Amino acid sequence: MPGTTEYVILGACLFALGMAGFLARRNLIVMFLCTEIMFQGVVLTVVGFSQLWANLDGQAYALFLLVIAAVEAGLALGLVVLLYRRRGTLDAEAWSVMRG
Amino acid sequence: MTPAALYTLYAAFVLGGTGLYFLLPNPDRGKPLAGAALGALGLVALVVAWALIGDAGTGAAFYVLGLVALLCTVRVITHPKPVYSALYFVLTVLAVAALCVLQGAEFLAAALVIIYAGAILVTYVFVIMLAQQSGPSSTDRRSREPFLSVCAGFVTMAVITAHASKALESSVAAGGTPRAEARLASAAAESGAPAGLVEDEAKPSDDGAKRSAPKPVTGNAMALGGAVMTRYMVALQLSGLLLLIAMVGAVAMSRKRVPQEGAVSPRAPLGQAGREVPPY
Amino acid sequence: MKDFLVTQFGFSLVLAALVFAVIQGAVAYCIYYERKIAAWTQDRYGPNRAGPLGLLQPIADGLKFVFKEDYIPGHVDKILFVLAPGIMFVVCGIGFLILPWGGQLDASTLPWLGSHLQPGERMLSVQVVSLNVGILYLLAVMSMSVYGVVLGGWSSNNKYSFYGAMRACAQMLAYEIPMGLTILVVVLTMGTLRLEEIAAEQAASGVWNVARHPLAALILFITALAEANRAPFDLAEAEQELVGGYHTEYGALKFGLFFLGEYASMITTSALVVVLFLGGWHVWGVSALTMEATSIWAVLAKMTVMAGKVAILIFVYMWVRWSLPRFRFDQLMRLAWKSLVPMSLGLFAAAAGLLYFGLHRSIAACLAVNAVVLAGAVAVASRGRTPITGRQANLVRQAARNDVPLAEVRT
Amino acid sequence: MDLGLLKILGIVILLAPLGAAGVCGALGPRRLRDRTHWVSILGVGSAAVAALVLLTHVASRGSGEVSTHEGAHAAVGATIPIYDWIPTGVVGRDASGGGITDEQVGTFPHRWFRVEFLVDPLTAIMLATVTCIALLIVVYSRDYMRHHGHAERGYERFFAYLALFVFSMCALVLGGNFLLLYLGWEAVGLCSYLLIGFYYGKPSAAAAAKKAFLVNRVGDFGFGLGILLIYLTFGTLSYPDVFDMLARNVDAAGTALETSKLTTIALLLFCGAAGKSAQIPLYVWLPDAMEGPSPVSALIHAATMVTAGVYMIARCGAIFVHSETAMLVVAAAGACTALFAATIALVQTDMKRILAYSTISQLGYMFLALGVYAADSAVFHLFTHAFFKALLFLGAGSVMHAMGGVIDVRQFSGLRRVLPKTCALVVIGSLALGGFPMLSGFFSKDEILHHALHVHPVLGMMGLATAVLTAFYTFRMVFLAFSGPQRVPEGVHPHESGGWMIAPMSVLAVGAVVVGYLGVGFTGKPFHTFLEPVIAHTFLAAGPNAAGAHGAAGEVVGHAASGGFLAEYGLMILSGGLSVLAILAAYVVYARAPWMAATARATFPRAHDVLWNKYRVDEAYDRVIVQPLRALGRVCFYLDEYLVDGIIWVISFVPQALGYGARGVQRGALQGYGLAMGVGLAIVVTVVLTW
């Protein structure tokens with residue numbers, strides 16, 4: 001089991017950083033970057049597990065994660081551009097019309 | 001996992017989290033030297049934890065790449081300029097790709113670089129540049145609830161990681177991963193060769209000379225392709241569908257003309273009103 | 001030391017240094033070459049003052065780049081401004097690591113170094129690294145090259161540079177797709193991702209891939225032009241519109257690095273085309289240019305052949321540059337998304353189909369498939385309403401459809 | 001009989017109009033536009049051709065061979081199963097679930113409601129009539145629905161509805177069990193709703209459509225109950241099975257049938273027939289149905305809708321003849337309706353309305369015929385009536401087209417000069433309707449009167465009176481419209497209709513003249529002979545002449561033989577003479593001496609007023625039924641508004657109040673939610689994993 005635990009820990013660190021960043025940063029684009037960081041953490045984890053189990057399931061998951069990331073980036077950036085055109089700012093706080 | 005390693009790991013998370021809290025953008029503070037110091041301590045603790053866990057197979061390369069990835073990620077989160085964030089993230093991706101290579105996932109590494117760094121992040125950079133041409137805005141200078149955010153992220157992951165590491169240790173101790181071994185054995189019995197799921201890709205200096213004739217299996221890429229094309233066929237097709245839907249959605253969204261709120265559109269000249277030349 | 005040099009690792013190091021140096025030198029002479037070709041195209045002399053036939057001109061140019069004041073304007077983002085040419089240079093410089101320059105080398109035939117080895121005892125690959133995801137590495141490296149241009153343009157904090165960067169960004173993203181797809185056509189045909197195997201296979205069978213997939217070769221060549229930002233795809237630096245595009249604010253050494261990067265990427269992409277489609281180092285009927293010939297002399301011959309083919313392709317690059325006018329940006333995008341992507345997708349699907357039927361090595365079948373895709377593309381194009389040239393015609397059509405007097409539209 | 005061929009023909013008859021309707025609806029609005037009529041013509045035409053082939057096929061095989069249903073002497077005709085539709089249980093298992101166990105269910109055959117055709121002479125005649133008349137009407141509509149060469153709005157919709165209407169009627173007629181009958185029955189109602197409300201922008205049209213639909217609902221409710229009762233009694237809905245059991249006088253359980261039950265069934269079925277065929281008391285929708293375009297009126301009155309009731313009773317004769325009461329009710333309702341409607345028609349001024357009342361009146365004749373066991377005469381009258389009534393409605397449509405939508409005979413006169421062809425055709429139709437000797441209406445009506453006088457003399461006399469009134473009001477309309485000085489409404493430029501309209505009318509006119517000869521003695525009564533097998537065991541067997549003769553032809557012959565010339569032809573001469581006299585009277589009153597009409601109106605103002613207001617039946621219905629229901633509805637509305645809504649308001653107030661308190665949490669900021677989720681996750685994970 002070469003380094004699976006280390007990979008899991010590293011992945012968790014990346015995930016935690018991404019999560020903290022997602023919650024703390026106010027710029028919409030940076031928030032999405034932070035979600036991508038979380039994806040990276042997950043990729044590292046599944047790759048580590050793939051090695052642990054000596055099969056390719058984890059790597060296949062990572063590939064599908066890439067697909068999800070691409071989809072997410074495409075749609076999220078489209079939305080961000082729309083929002084930016086509308087309000088002229090990237091601040092996530094600017095969009096709170098749903099408040100009760 | 002020894003208690004020492006566990007507590008070191010907790011210490012790493014606590015130190016790193018505190019450091020991150022100070023490092024997050026805040027215009028009321030000066031240079032976050034304390035944060036940087038705490039973060040560095042956290043990293044050191046992390047390395048110590050790794051060393052204490054000490055699996056075989058983790059070498060200097062892992063430490064270096066892991067630290068690079070973490071440092072770059074911290075900069076992604078803490079840098080007040082989104083462009084720098086994106087560029088640091090490129091470095092993170094490259095480090096992660098290299099880590100994947102260390103784990104024998106070359107194809108995944110290439111895909112990460114091509115798709116993430118080459119396409120997704122270019123798009124991010126593109127949008128950042130389009131949307132924000134002047135320097136950092138107030139949005140980026142101040143973080144939102146940094147303390148709670150850091151707590152949420154780090155507590156969750158510290159607990160999960162510690163738990164997962166312990167579970168991993170115990171499962172390994174209780175006989176390793178029987179599924180993997182059984183599969184390896186059966187595959188070896190069938191093919192009469194070691195199950196080359198991950199082709200033994202040693203350094204090119206060793207076997208480069210032997211590679212005179214083309215081989216039937218091109219390593220990791222072929223194996224991964226086989227897995228994705230057979231076991232994950234449905235998932236593959238669904239992800240294709242997902243991509244298609246996302247593409248259509250993105251095109252539909254970005255074609256829409258959205259006026260800025262409050263902006264008064266100038267009256268079209270007489271005779272031209274209501275008629276627009278569609279974009280090519 | 002002596003033994004280290006004949007291990008693959010040591011040999012790779014030497015080879016890397018050698019190829020890097022040669023390419024840097026070649027880049028300098030590429031500029032000379034280009035100026036001569038431009039002159040030839042425009043019926044004038046070209047550089048002819050420095051040295052015989054102007055052969056020292058590149059050295060003069062290089063010295064000028066080095067000794068000019070390296071000035072950083074005050075309004076730029078300094079870190080990225082400095083970083084951008086570096087990225088460009090590095091990225092364009094490491095692509096060649098994967099290219100196979102000369103097949104196998106029998107270390108024993110090396111004079112002095114290999115004197116203690118038996119013939120055939122140690123075979124070296126004339127390639128810096130051999131990765132099992134070889135082409136993907138090249139694609140990955142190329143996909144990174146866009147950062148140099150984009151960052152350079154953005155950090156200059158200049159409207160024209162920024163436009164250049166945006167254009168480059170969109171252009172590279174667009175042209176990477178057909179490029180990747182055509183490369184995949186070759187991968188499907190050859191069944192391997194390793195460049196050296198692709199080259200060796202073509203040499204062994206004597207059939208270059210261009211004979212199987214001429215259309216794919218053409219598309220790859222076009223996308224290679226676009227990826228290298230060469231005319232007619234040099235929208236990012238269109239002098240007439242954007243002054244200098246992304247490098248408007250650059251001067252001296254940093255500008256030189258951009259320049260180097262562009263020419264280095266020319267060399268790399270031409271080498272890629274050569275390896276994928278033009279048989280690499282192989283020429284028919286020469287015994288030195290076969291897989292079996294592994295002596296140092298055969299390897300040198302192979303490298304020469306390879307360099308010659310690359311030089312020919314670079315000549316074509318320059319020829320194209322000085323013959324064709326630049327695309328307009330909408331035409332550029334339309335060419336990529338509406339012509340090249342569908343065609344390469346069609347080729348890819350067809351190649352996969354051929355592979356399924358086991359016909360992927362059959363020249364006739366491959367050619368037929370290419371012809372069908374081309375015919376389909378031509379059929380679709382001839383039915384299209386929008387001519388490739390011009391939005392004005394489009395407007396006229398639009399007006400006709402909407403019953404609007406033409407004069408009104410034109411005004 | 002060639003079942004395969006019949007199956008194909010049946011399917012063509014059904015699917016061609018349905019397909020045409022689908023194509024019209026789908027492609028009409030975008031692609032076909034004012035070429036839509038071709039689809040409809042093609043669809044209905046194919047159905048007509050198939051129906052004619054079917055008719056000749058049935059006719060050429062002879063009536064004897066038709067009976068293929070073994071052991072069922074009561075059911076004549078071929079039952080053609082198409083497919084099993086709804087499983088209704090397992091053979092061998094009774095209603096309580098006993099008999100066989102659940103495990104065995106799969107191995108036993110199911111009982112089904114099948115989609116099946118019943119092809120016998122009655123079906124064949126009905127189908128041929130319906131499809132051919134409908135075809136002519138569709139052709140006519142091509143010009144009627146366009147003005148100055150431009151298709152009216154909703155053109156494609158109109159043709160889609162027409163084709164759908166034809167499909168519904170064919171399904172009704174062709175269906176081999178009560179379920180399909182009901183299906184067609186309701187579909188016909190739906191189509192009539194759609195077509196009457198074709199100009200849905202006009203409030204009166206919308207109201208008329210609604211009225212037609214609701215009044216039909218009343219009848220259909222009874223009809224549905226009748227069918228349910230049939231199912232309960234016989235355990236099946238298939239005609240042959242039901243009729244077979246009736247012939248053997250047993251119900252599903254094998255016990256003898258009770259007459260009271262059959263009477264109930266028959267009366268419930270009659271309820272439906274009264275609704276669909278506009279008999280007292282449910283006739284009120286038909287006059288209002290004039291709000292639809294004229295071809296629709298022609299279609300409803302001549303071929304498709306109102307004949308459904310007649311067809312149904314003729315088909316279910318086996319049930320009706322078991323009950324004297326039901327037959328009497330049918331006959332009485334028919335006779336009363338005939339006379340009642342004829343009196344109303346005397347004073348109406350709207351051409352189409354006059355024709356509508358005449359339709360009600362003629363349907364009354366048919367019911368009278370059914371009630372006096374002369375189902376063949378009823379169907380024969382239905383057949384002849386289809387021709388001349390369609391002709392008259394199309395003629396009225398032609399007049400309306402020429403008058404720019406005006407149809408009130410007080411507003412124009414002397415149209416014979418400007419509309420010569422229409423005038424001639426309308427006169428032919430009117431002669432046939434009025435019972436002018438030697439035209440089709442004369443023969444069929446005379447036959448009914450003959451039978452009615454024989455069975456119920458009182459009702460027969462009412463019928464005779466109706467005949468006189470019919471001739472009078474028909475020609476009142478004709479003379480008011482076509483004779484006298486030429487007068488047209490303001491701003492109208494009358495023009496004769498084009499070939500697309502005249503040609504179908506001409507065909508119908510020929511039919512109105514000649515089809516009567518299919519049922520007269522000296523041609524051997526081929527119509528009745530053809531139809532005889534269907535009703536031989538029901539109406540004829542149960543009728544007053546059952547002991548003396550089998551079959552209509554034999555009966556009349558036998559009757560004539562016993563009664564001599566006067567008995568045979570006396571009634572003919574009488575009714576023919578009366579009708580001629582009535583026509584002359586109408587001529588005198590309305591063409592020569594208009595003062596007489598005015599004097600009559602002045603002399604009996606109350607009578608005129610009552611007739612003019614149609615005996616105030618609508619008002620009475622309104623007072624007795626509609627208003628109380630409205631009041632009830634209002635009560636319910638207020639209950640809902642204040643009681644139910646109040647309760648709901650109280651219930652909804654609680655969460656609203658809670659929400660008011662909690663809305664501070666919902667700050668609308670994305671990251672606030674994210675943060676809450678993250679912190680929550682951290683807490684949960686910590687709690688779960690460390691404890």
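A polar contact is a pair of N or O atoms within 3.5 Å; within protein, one must be able to donate a hydrogen and the other to accept it, and residues adjacent in sequence count only if both atoms are side-chain atoms. This is a predicted model, in which local features need pLDDT of at least 70, side-chain atom pairs count only at pLDDT 80 or more, and totals for chains, interfaces and linings use all residues. Residues are numbered from 1 along each chain as its sequence is written, chains are lettered from A and ligands numbered from 1 in the order in which they are written, and side-chain values use heavy atoms, with hydrogens and water left out.

**View 1. Where chain B meets chain D.** With that definition in hand, the count here is 0 residue pairs in polar contact (both at pLDDT 80 or more). Salt bridges (a side-chain nitrogen of Lys or Arg within 4 Å of a carboxyl oxygen of Asp or Glu) also number 0 between these chains. On the chain B side, the touching residues are 5 nonpolar, 3 polar and 2 charged; here Ala, Val, Leu, Ile, Met, Phe, Trp, Tyr, Cys and Pro count as nonpolar, Asp, Glu, Lys and Arg as charged, and the others, Gly among them, as polar. Chain B brings 10 residues to the contact (heavy atoms within 4.5 Å) and chain D brings 13. About 920 Å² is buried between the two chains, 75% of it on carbon and sulfur atoms; buried area is the accessible area (1.4 Å probe) that two parts lose on being put together, summed over both. B:Arg144, B:Thr156 and B:Val159 supply 51% of what chain B buries against chain D.

**View 2. Where chain B meets chain A.** In this view 98 residues of chain B touch 77 residues of chain A. Together the two chains bury about 7600 Å², with 73% on carbon and sulfur atoms. B:Gln103, B:Tyr124 and B:Met253 supply 10% of the area that chain B buries against chain A, more than any other three residues. Look for the 1 salt bridge of this interface: B:Arg231 pairs with A:Asp57, their closest N and O atoms lying 2.8 Å apart. There are also 7 residue pairs in polar contact (both at pLDDT 80 or more).

**View 3. Confidence along chain C.** The mean pLDDT (the predictor's confidence in each residue, from 0 to 100) is 81 for chain C, and 92% of its residues score at least 70. Among the elements of chain C, helix α9 (residues 214-227) has the highest mean, 89, and helix α16 (residues 406-410) the lowest, 53. Helices (H or I, at least four residues) are DSSP runs, numbered from the N terminus. Where pLDDT is low, the predicted coordinates should not be read in detail.

Key
Helix = DSSP H or I, 4+ residues; strand = E, 2+ residues; numbered from the N terminus.
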